[in-house]
Amino acid sequence: MTPTSFNGKPYAAAATVVPLKMHLYIRALAFVQAKTLQSLYTDCTSRFLAAKPWEQGLPWRNGHRPAGDPEWIEVRVRLPADLANAVVELARARGLAVPDVLYTMLYWYSWFLYPPLHERERRTSQRGTTQ
């Protein structure tokens with residue numbers, strides 16, 4: 001992650017890619033939660049590192065643009081230095097690239113913590129058919 005500062009505090013930034021629809025959904029989540037994207041990324045990172053969903057089976061996702069797929073967008077995630085260092089350490093410990101950790105983190109936040117309505121409905125209907 002690239003070190004920088006914001007309002008006199010140390011930050012670091014790195015890029016990943018996500019599907020365009022996911023990016024738009026994350027922006028909507030920030031809006032309805034009355035957060036900036038940066039504060040949403042900070043919340044997302046803190047919760048991801050605390051919950052450790054990879055230990056419960058969440059697979060790591062590829063944070064690099066799929067060849068020939070224009071429906072992906074580069075996202076620059078800026079985090080406070082302590083969280084950025086924790087992300088870098090997690091990537092190193094798991095043998096991953098930082099973009100992979102960032103994409104997995106954003107996927108987890110938007111698909112598992114705050115799933116879109118259609119996904120919540122699908123999960124509800126699945127539970128109804130398995131009971």
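How many helices and strands does the secondary structure of the chain come to?

## Overall fold

In this predicted model, the chain has five helices and three strands. Starting at the N terminus, the order of elements is β-β-α-α-β-α-α-α. The radius of gyration is 15 Å, close to the 14 Å that the globule rule gives for 131 residues, so the chain is as compact as a globular protein of that length. Along the principal axes, the C-alpha trace spans about 50 × 35 × 35 Å.

Of the 131 residues in the chain, 39% are buried. Among contacts with a sequence separation of 6 or more, 76% join residues 24 or more positions apart. The chain exposes about 7600 Å², and carbon and sulfur atoms supply 56% of that area.

## Helix α2 and the residue after it

Helix α2 covers residues 37-51. Its 15 residues reach 21 Å from the first C-alpha to the last, close to the 21 Å expected at 1.5 Å a residue. The buried residues of α2 are Q38, L40, Y41, D43, C44, T45, F48 and L49.

K52 comes just after α2 and takes a positive phi of about 50 degrees, although K52 is not a glycine. This residue belongs to the loop between α2 and β3. K52 has a relative accessible area of 36%, and is therefore partly exposed; the range for that class runs from 20% to 50%.

## Helix α3: one buried face

Helix α3 comprises residues 81-94. At 1.5 Å a residue, its 14 residues should span 20 Å, and the end C-alpha atoms are indeed 20 Å apart. Which residues of α3 are buried? They are L83, A84, V87, L90 and A91. Seen down the axis of α3, these buried residues fall within an arc of 120 degrees, so they line one face of the helix.

The face turned away from the buried side of α3 carries the exposed residues D82, N85, R92 and A93. The cover over the buried residues of α3 includes strand β2 (9-19), helix α2, strand β3 and helix α4 (98-113). After α3 comes G95, which has a positive phi near 70 degrees.

## T16 in strand β2

T16 is placed in strand β2. Is T16 buried or exposed? Its relative accessible area is 2%, so T16 is buried, the limit for that class being under 20%.

Leaving aside residues up to four places away in sequence, T16 touches G63, I73, E74, V75, P99, L102, Y103 and L106. With P99 there is also a polar contact: a polar atom of the T16 side chain lies 2.8 Å from the backbone oxygen of P99.

## Loop residues A34 and Q56

A34 sits in the loop between α1 (20-32) and α2. Its phi is near 55 degrees, which is a positive value in a residue other than glycine. At 74% relative accessibility, A34 counts as exposed, since the class begins over 50%.

Q56 lies in the loop between α2 and β3 (72-80). Why does Q56 count as exposed? Because its relative accessible area is 61%, and exposed means over 50%. How far apart in space are Q56 and V77? From C-alpha to C-alpha the separation is 24 Å, and the two residues are 21 residues apart in sequence.

## S125 in helix α5

S125 is a residue of helix α5, which covers residues 117-130. With 42% relative accessibility, S125 counts as partly exposed. S125 and Y109 are 16 residues apart in sequence, and their C-alpha atoms are 22 Å apart in space.

Note on methods
Residues numbered from 1 in each chain as written. Predicted model: local features only at pLDDT ≥ 70, side-chain atom pairs only at ≥ 80, totals over all residues. Heavy atoms only, no water. Helix = DSSP H or I, 4+ residues; strand = E, 2+ residues; numbered from the N terminus. Buried < 20%, exposed > 50% of the residue type's maximum accessible area, 1.4 Å probe, protein only. Expected span 1.5 Å × (residues − 1). Arc of directions from axis to C-beta. Contact = heavy atoms within 4.5 Å. Rg over C-alpha atoms; globule rule 2.2 N^0.38 Å. Areas by Shrake-Rupley, 256 points an atom, 1.4 Å probe, with all protein chains shown as cover. Polar contact = N/O pair within 3.5 Å; in protein donor to acceptor, adjacent residues only side chain to side chain.
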